[in-house]
Amino acid sequence: MNKDSLSQCLRLAAFTYAIGGTACGASWVDPDTDHQYHTTEAYTRGDDREYGLVFSDEFEVAGRSLADGDDPRWTALNKNDYTNEA
């Protein structure tokens, strides 16, 4: 994939993620997530809408690594937490 098509794909992915869809042949819903959890009804009285799952991660892959570049969804960063210096 060249730089321009990657940039276009990322813009499309950001838009479709915002509306709960998929883009570029990827989904943010883990294929190991049981299908019964892909939709839910609202808990608010009077809200008849059905909500679709937009992200899940089951973390059940043996030997899975979260090292930088190893996982398409998560990256473990080794950095100081400067927010607690206040």
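**Salt bridges and aromatic pairs around R64, D71 and W74**

R64 forms a salt bridge with D71, and the closest N and O atoms of the two side chains are 2.8 Å apart. The model in which this pair is seen is predicted, and the description below begins from D71 before turning to the aromatic side chains.

D71 is placed in the segment after β2, and with a relative accessible area of 12% this aspartate is below the 20% limit, so D71 counts as buried. Its partner R64, by contrast, has a relative accessible area of 27% and is partly exposed. The bridge between them also appears as a polar contact, in which the side chain of D71 meets the side chain of R64 at 2.8 Å. When residues up to four places away in sequence are left aside, D71 touches R64, S65 and L66.

R64 has a further acidic partner, since the side chains of R64 and D57 meet in a salt bridge with an N to O distance of 2.8 Å. D57, like D71, is buried: the relative accessible area is 15% for D57 and 12% for D71. Taken together, D57, R64 and D71 are linked in a network of salt bridges, and within this network the partly exposed residue is the arginine, R64.

How many salt bridges does the model contain? The count comes to 3, and besides the two made by R64 with D57 and with D71, there is one in which the side chains of R49 and D47 meet at 2.9 Å, N to O. In this pair R49 is exposed, with a relative accessible area of 53%, whereas D47, at 18% relative accessibility, counts as buried.

D71 also leads to the aromatic residues, because a polar atom of its side chain lies 3.0 Å from the backbone nitrogen of W74, which is within the 3.5 Å limit used for a polar contact. The side chain of D71 is thus placed beside two partners, with R64 reached through its side chain and W74 through its backbone nitrogen.

Turning to the rings, the count comes to 3 aromatic pairs. In one of them, the rings of F55 and W74 have centres 5.7 Å apart and planes at 80°, so the pair is edge-to-face. F55 lies in the segment after β2 (50–52), and W74 is also in the segment after β2, so the pair ties together parts that are 19 residues apart in sequence. Neither ring-bearing residue is buried: F55 counts as partly exposed at 28% relative accessibility, and W74 as partly exposed at 35%.

W74 takes part in another aromatic pair, this time with F59, where the centres are 6.0 Å apart and the angle between the planes is 35°, so that the arrangement is tilted. Both F59 and W74 lie in the segment after β2, and the pair therefore ties together parts that are 15 residues apart in sequence. F59 is itself partly exposed, with a relative accessible area of 47%. The backbone of F59 deserves a separate remark, for its phi is near 55°, a positive value in a residue other than glycine.

Which residues make up the aromatic cluster? W28, F55, F59 and W74 form one cluster, and W74 is the residue there whose backbone nitrogen lies 3.0 Å from a polar atom of the D71 side chain.

Note on methods:
Residues are numbered from 1 along each chain as its sequence is written. This is a predicted model: local features need pLDDT of at least 70, side-chain atom pairs count only at pLDDT 80 or more; totals for chains, interfaces and linings use all residues. Side-chain values use heavy atoms; hydrogens and water are left out. Rings of Phe, Tyr and Trp (its six-membered ring) pair if their centres lie within 6.5 Å; planes under 30 degrees apart count as stacked, over 60 as edge-to-face and the rest as tilted. Helices (H or I, at least four residues) and strands (E, at least two) are DSSP runs, numbered from the N terminus. Buried means under 20% relative accessible area, exposed over 50%, partly exposed in between (1.4 Å probe, protein chains only). A polar contact is a pair of N or O atoms within 3.5 Å; within protein, one must be able to donate a hydrogen and the other to accept it, and residues adjacent in sequence count only if both atoms are side-chain atoms. Contact means heavy atoms within 4.5 Å. A salt bridge is a side-chain nitrogen of Lys or Arg within 4 Å of a carboxyl oxygen of Asp or Glu.
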